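Colleague: I should be grateful for a close reading of one part of this structure, set in the context of the fold around it. The sequence and the coordinates are shown here for reference.

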Amino acid sequence: MAVLGWLSGALTADAQQLSVKTNLMSDAVTVPSLGAEYAVSDRWTVALDASWMPVRQSSGHYMRQLKLQPEAHYWLRAPFTGPFVGPALGYRLYNFAGIPLLKTRGTRTQGYLLSAGVTAGWHFTLSDRWGLEPALTVGYAYTSYRRYDAPDSRQVTRRWYVHYFGPTSLQLNLVYMIK
């Protein structure tokens, strides 16, 4: 309780802000997303973004996934105003089948991805309550997956892992401020 008292005392009246957001890029490919961000000081916020596509669109092609991405943002001005930068972690579970762009036509790919990096972005204020935040995360990612010879098969044809350095997340968040 002492920590909560200290935390609430450390917040100024202007910094006590909470926002909810959705990633329009994720929503555009029919993967619902929701996030929340809370100001913990006059320059720092903590955020958690999640997206989840639990359903199969059809037996031959589908894109199921779960993504969690916690972040901390250091604001160069004040929270939810202008530029920010900060560390980000990512965890994704995925199961794709029959998607030509992902090279899974006639096959299925299932695995997970772990990432760590730095997010940079900018909050554009649209009104008192609404904002838009483009953000890019760059860092390291590790993925381990299994490839199956057909969308409904349980026969593994390939096991693989990949180390990757570069962009790991691109977001265009529509933000609603709760004051």
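The request concerns one charged side chain and its surroundings. Which residues form salt bridges with lysine 21, and is lysine 21 buried or exposed? Please also place lysine 21 within the sheet.

Modeller: The model is predicted, and the description below should be read on that basis. I begin with the sheet, then turn to the charged residues, and finally to some features elsewhere in the chain.

The strands form a closed barrel of eight, in the order E1-E2-E3-E4-E5-E6-E7-E8, with antiparallel pairing. On average, neighbouring strands of this sheet are turned by 20° against each other, direction ignored. Strand E1, the element that holds lysine 21, covers residues 18-23 and pairs with E2 in the antiparallel sense through four bridges. Within that pairing, lysine 21 has glycine 35 of E2 as its bridge partner, while serine 19 stands opposite glutamate 37 in E2. E1 is also joined to strand E8 (residues 156-178), again antiparallel, by six bridges. Here leucine 18 stands opposite isoleucine 178 of E8. E8 in turn pairs with E7 in the antiparallel sense, over 19 bridges, and in that pairing arginine 146 is placed opposite arginine 159 of E8.

Against this background the charged residues can be described. Side chains of opposite charge can pair when their charged atoms come close. The structure holds two salt bridges. In one of them, lysine 21 is joined to glutamate 37, with the closest N and O atoms 2.8 Å apart. That pair links distant parts of the chain, since lysine 21 belongs to strand E1 and glutamate 37 to strand E2, 16 residues apart. Lysine 21 also forms a salt bridge with glutamate 133, where the closest N and O atoms are 3.6 Å apart. Because lysine 21 lies in strand E1 and glutamate 133 in strand E7 (residues 130-148), this pair ties together parts that are 112 residues apart in sequence. Lys21, Glu37 and Glu133 are thus linked in a network of salt bridges.

As to your question on exposure, lysine 21 has a relative accessibility of 3% and therefore counts as buried, the limit for that term being under 20%. Glutamate 37 is buried too, with a relative accessible area of 0%. Glutamate 133, like lysine 21, is buried.

Another buried polar residue may be set beside this network. Glutamine 69 has its place in strand E4 and is buried at a relative accessible area of 2%. The side chain of glutamine 69 makes a polar contact, at 3.5 Å, with the side chain of arginine 92.

The surface offers a further view of the E1 region. Leucine 18 and isoleucine 178, already named as standing opposite each other, belong to a nonpolar surface patch together with Tyr38, Val46, Leu126, Trp130 and Tyr176. The accessible area of this patch comes to about 590 Å² together. One of its members, valine 46, is located in strand E3 (residues 44-53). With a relative accessible area of 41%, valine 46 is partly exposed.

Two backbone details in the loops complete the description. Threonine 30, although not a glycine, has a positive phi of about 60°; this residue is found in the loop between helix H2 (24-28) and strand E2 (33-39). Phenylalanine 80, likewise not a glycine, has a positive phi of about 65°. Phenylalanine 80 sits in the loop between strand E4 (62-75) and strand E5 (82-97), and with a relative accessibility of 4% counts as buried.

To return to the request, lysine 21 faces glycine 35 as its bridge partner in E2, and is linked with Glu37 and Glu133 in a network of salt bridges.

Definitions and conventions
Residues are numbered from 1 along each chain as its sequence is written. This is a predicted model: local features need pLDDT of at least 70, side-chain atom pairs count only at pLDDT 80 or more; totals for chains, interfaces and linings use all residues. Side-chain values use heavy atoms; hydrogens and water are left out. Buried means under 20% relative accessible area, exposed over 50%, partly exposed in between (1.4 Å probe, protein chains only). Two strands pair if DSSP finds at least two bridges between them. Axes are lines fitted to C-alpha atoms, for helices over the stretch in contact, and angles run from 0 to 180 degrees between N-to-C directions. Patches are made of residues with over 30% relative accessible area and no salt bridge: like charges are joined within 9 Å, nonpolar side chains (Val, Leu, Ile, Met, Phe, Trp, Tyr) within 5 Å. Accessible areas come from the Shrake-Rupley method with a 1.4 Å probe; for residues, only the protein chains shown count as cover. A salt bridge is a side-chain nitrogen of Lys or Arg within 4 Å of a carboxyl oxygen of Asp or Glu. A polar contact is a pair of N or O atoms within 3.5 Å; within protein, one must be able to donate a hydrogen and the other to accept it, and residues adjacent in sequence count only if both atoms are side-chain atoms.
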